[in-house]
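User: I am new to reading structures. Please take me through this one, feature by feature.

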Number of protein chains: 2
Amino acid sequence: MTLSMNPPPDWAALQAEADAPRHLASLVGLPVSAVDTPALVIDLDAMSRNLQRMVEFTRKHDVRLRPHAKMHKSAVLARLQMRAGACGVCVQKASEAEVLAAGGVTDIYISNEVVAPDKLERVVALAQRLAAAGGQLAVAVDSLQGVEALAAAWSGLVGMPQPVIDVLVEIDVGQGRCGVPPGPAAVALAQAVAQVTGLRFAGLQAYHGGAQHLRSPQARRDAIAHSVAAVERTARLIQAAGLTVGLVTGAGTGTFALEAASGVYGELQAGSFMFLDADYARNERDPAQPQFEHALFVKAQVMSVGPAHAVCDAGHKSHAVDSGLPRVLPLGSGPELVYFNGGDEHGILRTAQPGQPLPQLGDVVWLIPGHCDPTVNLHDHMIGITGGLQRGTVECIIAVDARGALT
Amino acid sequence: MTLSMNPPPDWAALQAEADAPRHLASLVGLPVSAVDTPALVIDLDAMSRNLQRMVEFTRKHDVRLRPHAKMHKSAVLARLQMRAGACGVCVQKASEAEVLAAGGVTDIYISNEVVAPDKLERVVALAQRLAAAGGQLAVAVDSLQGVEALAAAWSGLVGMPQPVIDVLVEIDVGQGRCGVPPGPAAVALAQAVAQVTGLRFAGLQAYHGGAQHLRSPQARRDAIAHSVAAVERTARLIQAAGLTVGLVTGAGTGTFALEAASGVYGELQAGSFMFLDADYARNERDPAQPQFEHALFVKAQVMSVGPAHAVCDAGHKSHAVDSGLPRVLPLGSGPELVYFNGGDEHGILRTAQPGQPLPQLGDVVWLIPGHCDPTVNLHDHMIGITGGLQRGTVECIIAVDARGALT
């Protein structure tokens with residue numbers, strides 16, 4: 001595992017094949033003030049520090065890092081993560097895997113169930129292409145029917161090489177979403193996978209999404225202790241049945257220090273640490289966890305001023321609101337502003353303290369999105385800048401390659 | 001004004017220039033069952049009936065229909081609306097206007113403020129191109145600074161024709177967002193517009209967004225009565241100052257029957273009636289308002305089944321949640337299902353009554369999005385079908401041309 005954030009990445013080389021439209025490509029080298037609003041902006045300096053802290057953490061704890069690319073949906077950022085030390089990336093959707101593979105990402109894990117025969121045909125075909133290029137594709141299952149459908153798709157493959165597909169059995173460790181219950185059901189599924197030619201039982205998928213956003217460190221510790229116990233019990237049963245649990249994979253930005261310390265998880269899937277959204281920043285930090293910085297912003301502009309409020313040009317077509325409204329980044333000595341819902345295309349800004357001056361028409365405001373994943377998914381491109389939001393320079397245009405890749 | 005929904009539109013001709021990717025284009029003519037999930041699907045039969053009802057309503061009430069294209073962001077649907085009798089469309093953003101104009105839409109009103117000089121340069125250049133093609137572009141203002149910036153952009157135009165740009169003065173009729181207060185401030189702004197070469201004071205923009213979602217007809221009547229009174233008072237003052245208020249434009253799907261009956265509004269901007277989302281369906285209907293049908297759906301598939309819930313493959317990257325979670329369309333004799341938040345890529349389904357059977361792995365479910373505008377903005381294409389969701393056929397692929405057009 002090598003760190004390559006220092007010296008900083010060669011963005012031009014990383015994004016060589018990115019196909020930014022001319023009006024965006026022409027921004028490179030210009031000051032941040034030239035970026036039209038609303039726009040999604042990455043503070044590359046902060047993002048690089050976040051990545052470096054995470055790589056150092058995983059190295060110190062001897063776990064693999066496989067960041068979730070559903071967050072950034074960018075082949076450039078996935079490759080940057082792998083260059084910095086990640087073993088590969090996760091995705092949630094077959095089409096995300098296809099798009100990232102087309103962008104040069106070679107090690108992809110679909111940490112989710114795929115059951116439609118048409119999709120599974122695409123998944124095994126992609127596994128074949130990646131294997132031929134020296135890479136690999138893994139996938140999760142949580143039903144016998146899913147294993148059978150995957151096996152059927154695999155047996156329909158023609159040509160060489162016939163890839164061996166790593167299959168992770170997903171157990172529900174507290175999220176209440178996908179996954180079989182920990183225990184005997186997972187053993188049966190692991191055995192079913194192991195019996196299929198072309199599939200390899202690789203271990204357990206065990207992600208507790210609900211635990212990520214529990215605000216107190218103690219609540220997160222309790223939740224992940226429960227997850228770890230469920231994983232240990234299940235792994236013992238599977239091993240008693242004669243199979244090896246090669247890997248336990250899971251964890252997110254809210255809890256990964258706990259999974260890393262468990263001695264059970266071998267791989268961390270956290271993704272949001274790269275950008276750190278407003279919702280994750282509301283978690284009370286566990287001292288064991290590295291400190292991350294906000295690195296993703298919506299640049300917006302005041303386009304109307306009322307008697308006691310201003311209106312900016314970014315609404316919830318510019319940022320997702322599923323985890324709350326964006327925070328307004330305090331800048332310099334200006335008054336603290338609070339963002340209120342103004343609909344699809346507008347944000348209402350009021351001063352936090354009465355009597356403070358409102359921003360003026362044309363002023364720039366920087367928003368910290370409530371939730372980075374679905375915010376990124378609203379944009380075709382992210383504007384990468386260095387040197388700070390106020391006086392920085394546009395360094396690169398990063399395509400959100402898998403934006404809208406839903407299937 | 002002519003109705004041309006009967007015979008039904010020639011979709012192939014309407015979308016001739018649409019650039020659907022091959023895997024979608026090949027769906028045309030296939031049964032709905034061939035559509036991969038999740039996907040945004042339009043029931044074209046229901047949408048056509050909605051449009052016909054709206055055109056009949058506006059004809060009967062002698063008001064113009066200028067539907068808001070921020071809802072569908074599609075040049076094909078904008079042209080369909082104009083062919084059916086709409087005078088043009090509204091948009092919220094300069095880039096939306098550019099994209100729709102490139103798709104053959106000739107009469108566009110930016111019902112929102114544009115203040116950035118770079119954007120205004122694009123706006124006046126587009127006005128010039130549309131005027132040269134026999135069309136027109138109008139824009140709203142709510143500040144002297146905005147009028148001056150628009151005038152400066154206009155005076156920078158080179159070449160012929162020099163378009164005359166219709167400018168609507170926005171007044172805040174209850175929304176508390178953009179717009180000057182009704183009364184003298186609007187008069188001053190109208191006078192400022194009238195004094196600028198190249199700009200024509202065309203009337204008032206008066207939209208009460210908050211009133212659209214008031215559930216009781218009486219609450220909506222009260223809100224719009226307030227709006228109408230504010231418009232009348234302002235129009236009298238402007239006319240007393242020697243200017244003509246040629247047009248009052250506004251209204252949305254929740255209230256348009258009220259604005260139409262006011263005798264004051266000359267143009268209705270409702271957009272959502274075409275698709276009717278779950279949130280608008282929660283309004284108690286005013287008998288004066290036509291009855292619309294749901295016409296926009298997310299086709300989703302069950303990809304995991306737990307002990308007391310099923311999981312479908314559509315989360316809030318497939319549908320917007322700002323106006324609530326989607327409803328599950330009841331189909332045939334199956335149990336009533338309720339959708340719970342499952343995150344970005346998943347939806348949790350439970351039966352409304354305990355003890356009823358859950359859907360099975362691979363089953364299709366149809367979701368009615370909470371809010372159509374930002375839902376459409378998540379998708380690159382809409383799959384147009386006829387003949388019903390269960391046994392229908394894919395008729396056309398409609399590009400969401402202005403998806404992500406934020407600036």
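**Reading the model**

Analyst: Let us start with a helix. In helix 9 of chain A, the buried residues are A:Arg220, A:Ala223, A:Ile224, A:Ser227, A:Val228, A:Ala230, A:Val231, A:Thr234, A:Ala235 and A:Ile238. Keep in mind that this is a predicted model.

User: What covers the buried residues of helix 9 of chain A?

Analyst: The cover includes helix 8 (184-194), strand 7 (199-205), strand 8 (247-250) and helix 10 (256-261) of chain A.

User: How many residues does helix 9 of chain A have, and how far does it reach?

Analyst: Helix 9 of chain A runs over residues 217-240 and has 24 residues. From first C-alpha to last it reaches 34 Å, close to the 34 Å expected at 1.5 Å a residue. After helix 9 of chain A comes A:Gly242, with a positive phi near 95°.

User: How far can I trust the coordinates?

Analyst: Where pLDDT is low, predicted coordinates should not be read in detail. Here, chain A has a mean pLDDT of 95, and 97% of its residues reach 70 or more. For the model, ipTM is 0.96 and pTM is 0.96.

User: Into which domains is chain A divided?

Analyst: Domain 1 is 19-42 + 292-399, and domain 2 is 106-270. Taken over C-alpha atoms, the centres of these two domains of chain A are 37 Å apart.

User: Now the contact between the chains. How many residues does each chain give?

Analyst: Chain A gives 45 residues and chain B gives 45 residues. On the chain B side, the elements giving two or more residues are strand 4 (107-113), strand 10 (296-305) and helix 12 (372-376). Strand 10 of chain B has the largest share, 3 residues. By class, that side of chain B has 12 nonpolar, 19 polar and 14 charged residues.

User: How is chain B laid on chain A?

Analyst: A turn of 180° and a shift of 0.0 Å along the axis do it, with an RMSD of 0.0 Å. The two copies are therefore related as by a two-fold rotation axis. The same surface serves both: 100% of the contact residues of chain B recur in chain A.

User: One residue to finish. Where does B:Gly135 lie?

Analyst: B:Gly135 is in the loop between helix 6 (117-132) and strand 5 (136-141) of chain B. B:Gly135 counts as partly exposed because it has 18 C-beta neighbours inside 10 Å; buried would need 20 or more.

User: Which residues does B:Gly135 touch, not counting those up to four places away in sequence?

Analyst: B:Gly135 touches B:Thr106, B:Asp107 and B:Leu130. Take B:Thr106: it is 29 residues from B:Gly135 in sequence, yet 4.7 Å away in space, C-alpha to C-alpha.

How values were computed
Residues are numbered from 1 along each chain as its sequence is written. Chains are lettered from A and ligands numbered from 1 in the order in which they are written. This is a predicted model: local features need pLDDT of at least 70, side-chain atom pairs count only at pLDDT 80 or more; totals for chains, interfaces and linings use all residues. Domain bounds come from an automatic or database domain assignment. Two residues are in contact if their C-beta atoms, placed from the backbone, lie within 7 Å. Helices (H or I, at least four residues) and strands (E, at least two) are DSSP runs, numbered from the N terminus. Ala, Val, Leu, Ile, Met, Phe, Trp, Tyr, Cys and Pro count as nonpolar, Asp, Glu, Lys and Arg as charged, and the others, Gly among them, as polar. Copies are superposed by least squares on the C-alpha atoms of residues with pLDDT of at least 70 in both. The expected span of a helix is 1.5 Å times one less than its number of residues. A residue is buried if 20 or more other C-beta atoms lie within 10 Å of its own, exposed if 12 or fewer, and partly exposed in between; C-beta atoms are placed from the backbone. pLDDT is the predictor's confidence in each residue, from 0 to 100.
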